[in-house]
Amino acid sequence: MSMQIRRAAEVREGEGVDVQRLMPVPDWLSYDPFVLWDHFAIAPSAGLPDHPHRGFEIVTYLFSGALRHEDDLGNRSTVLAGGAQRVTAGRGISHSEMPQGGVVARGVQLWINLPRRLKAIEPGYQQVDADRFPVKSLAGGRVITIIGEDSPLKLNTAVRCCEVHLDPGVSWVDTVPQGFRGFVYTASGSAAVDGCDIDQGDACFLDDPGKIRIEAREECRLMYCVGRPHGEPIRQQGPFVD
């Protein structure tokens, strides 16, 4: 197992969208099968107007506020706090993501590469509301499964993504499927992953860790994402991954 701690960079996207970005950044372009990770805050005056994508899948999970999605397939929907959407770009899709309700929309967005054999599949869209995600209660915390296991949100890559809430001093142990890799990102608070400290905006990247132990240093909200790598080159050019 290898482990590396990295800190998200502050960038601007679209029209005035504030982002804490783990990847792609100049010295960390991707982490197969993951292409991009953004922790975003979209003010009412900001947004992501119509733009194209192809060659990968997008999962957007909302912490607070509301986000309006419209695409050239005719999908029109609003994701609320605790809900998520999946966009399968496939051979090509154009969409917009704009805040609703006059409040800041906060959440995370993950891009997952498609294997070469699926790059040209039909584009698609799925929305899942908060009450449909499986929740496991802990003594001093909870784990919400956004992707994987019994979640209704479906991808073309084997991925597990959870939101983990822990009270101070509480630990959570998870067994990672063999060959999977990914990261634990701190959205708020602070924690330790196998003894390595991570604060807000930090992530611990893991490669085939087997079993991991996360302990909250203080009350924290973590995003835990692991997946099976495709073992293929990731060729990203802006909104396209060919």
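Two exercises on a predicted model follow, one on a sheet and one on a cavity.

Residues are numbered from 1 along each chain as its sequence is written. In this predicted model, local features need pLDDT of at least 70, side-chain atom pairs count only at pLDDT 80 or more, and totals for chains, interfaces and linings use all residues, while side-chain values use heavy atoms, without hydrogens and water.

**Exercise 1.** Place strand β16 in its sheet and describe its two faces.

Step 1. The open sheet has 4 strands in the order β16-β21-β18-β19, with antiparallel pairing. Strands are DSSP runs (E, at least two residues), numbered from the N terminus, and two of them pair if DSSP finds at least two bridges between them. β16 and β19 (196-199) are the edge strands, each pairing on one side only. Neighbouring strands are turned by 25° against each other on average, direction ignored.

Step 2. β16 (residues 171-175) and β21 (residues 211-216) share 5 bridges. In β21, Lys-211 is the bridge partner of Thr-175, and Arg-213 that of Val-173.

Step 3. In a regular strand, side chains alternate between the two faces of the sheet. In β16, Trp-172 and Asp-174 form the covered face, and Ser-171, Val-173 and Thr-175 the uncovered one.

**Exercise 2.** Which strands each supply at least two residues of the lining of the largest cavity?

Step 1. The whole structure holds 1 cavity of 30 Å³ or more, and the largest cavity has a volume of about 50 Å³. A cavity is a set of points on a 1 Å grid over the protein atoms alone where a 1.4 Å probe fits but cannot get out; lining residues have an atom within 4 Å of a point. The volume is the space filled by probe spheres set on the points, which are joined across faces, edges and corners.

Step 2. The lining includes Trp-37, Tyr-61, Gln-109 and Cys-161. The strands asked for are β6 (56-64) and β11 (105-113).

Conventions. Buried < 20%, exposed > 50% of the residue type's maximum accessible area, 1.4 Å probe, protein only. 1 Å grid on protein atoms, 1.4 Å probe; cavity = no way out; pocket = protein on both sides within 12 Å on 5 of 7 lines; lining within 4 Å. Axes fitted to C-alpha atoms, helices over the stretch in contact; angles between N-to-C directions.
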